[in-house]
Amino acid sequence: MRLKKGIVTSCKMNKTIVVSVDSHISHPKYKKRFKVTTKFYAHDEENKFKEWDVVTIKETRPLSKLKRWLVVDWE
């Protein structure tokens, strides 16, 4: 079970939020670190999360074409 922590960037869909997760990757040759942002679609059963909320999501079975994550916790 993988957990990721990110910021809600969109809550316009019904029971679905988009969570942006930032990570740092090192270039294989030049060793410079840079930030990469990845978007994940997560299930929000009660539509209670708004933009800029910090949430923790966990991996789950496929719920739709793009949704494979479930909201576990928020701050």
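Q: What makes Gly-6, Ile-7, Thr-9, Thr-37, Thr-38 and Lys-39 count as residues that Ser-20 touches?
A: In this predicted model, a contact requires heavy atoms within 4.5 Å. Gly-6, Ile-7, Thr-9, Thr-37, Thr-38 and Lys-39 meet that condition with Ser-20, and residues up to four places away in sequence are not counted.

Q: Why is Ser-20 called buried?
A: The relative accessible area of Ser-20 is 14%. Buried means under 20%, so Ser-20 is buried at 14%. Ser-20 lies in strand E2.

Q: Why does Glu-59 count as partly exposed, rather than buried or exposed?
A: Glu-59 has 35% relative accessibility. Buried would need a value under 20%, and exposed a value over 50%. The 35% of Glu-59 lies in between, and therefore Glu-59 is partly exposed.

Q: Where is Glu-59 found, and which residues is it in contact with?
A: Glu-59 is part of strand E4, residues 54-59. Its contacts are Arg-2, Arg-68 and Trp-69, leaving aside neighbours within four places in sequence. Glu-59 and Met-1 are 58 residues apart in sequence, yet their C-alpha atoms are 6.0 Å apart in space.

Q: How do you know that strands E1 and E2 pair?
A: Two strands pair if there are at least two bridges between them. E1 (residues 3-13) and E2 (residues 16-26) are joined by four bridges, so they pair. The two strands run antiparallel, and Met-13 has Thr-16 in E2 as its bridge partner. The hairpin of E1 and E2 has two residues between the strands, and Lys-15 there takes a positive phi near 60 degrees.

Q: What makes E2 and E3 a pair?
A: Pairing needs at least two bridges. E2 and E3 (residues 33-43) have 11 bridges in the antiparallel sense, so the condition is met. One bridge links Val-21 to its partner Thr-38 in E3. In the hairpin that E2 and E3 form, six residues stand between the strands, and Lys-31 in the turn has a positive phi of about 65 degrees.

Q: What holds the strands of a sheet together as pairs?
A: Strands of a sheet pair through backbone hydrogen bonds, and the pairing is either parallel or antiparallel.

Q: How many strands form the closed barrel, and in which order?
A: Five strands form the closed barrel, in the order E1-E2-E3-E5-E4, with mixed pairing. On average, neighbouring strands of this sheet are turned by 50 degrees against each other, direction ignored.

Q: Why is the pattern of the chain written β-β-β-β-β?
A: The chain has five strands and zero helices. Each β stands for one strand read along the sequence, so the pattern is β-β-β-β-β.

Q: What part of the chain counts as buried?
A: Of the 75 residues, 27% count as buried, which means that their relative accessible area is under 20%. The chain exposes about 5,600 Å², and carbon and sulfur atoms supply 54% of that area.

Q: Which residues make up the 18 positive and 9 negative charges of the chain?
A: Lys and Arg count as positive, and Asp and Glu as negative. The mean positions of the 18 positive and 9 negative charges are 10 Å apart.

Definitions and conventions
Residues are numbered from 1 along each chain as its sequence is written. This is a predicted model: local features need pLDDT of at least 70, side-chain atom pairs count only at pLDDT 80 or more; totals for chains, interfaces and linings use all residues. Side-chain values use heavy atoms; hydrogens and water are left out. Buried means under 20% relative accessible area, exposed over 50%, partly exposed in between (1.4 Å probe, protein chains only). Accessible areas come from the Shrake-Rupley method with a 1.4 Å probe; for residues, only the protein chains shown count as cover. The place of a charge is taken as NZ of Lys, CZ of Arg, CG of Asp or CD of Glu. Axes are lines fitted to C-alpha atoms, for helices over the stretch in contact, and angles run from 0 to 180 degrees between N-to-C directions.
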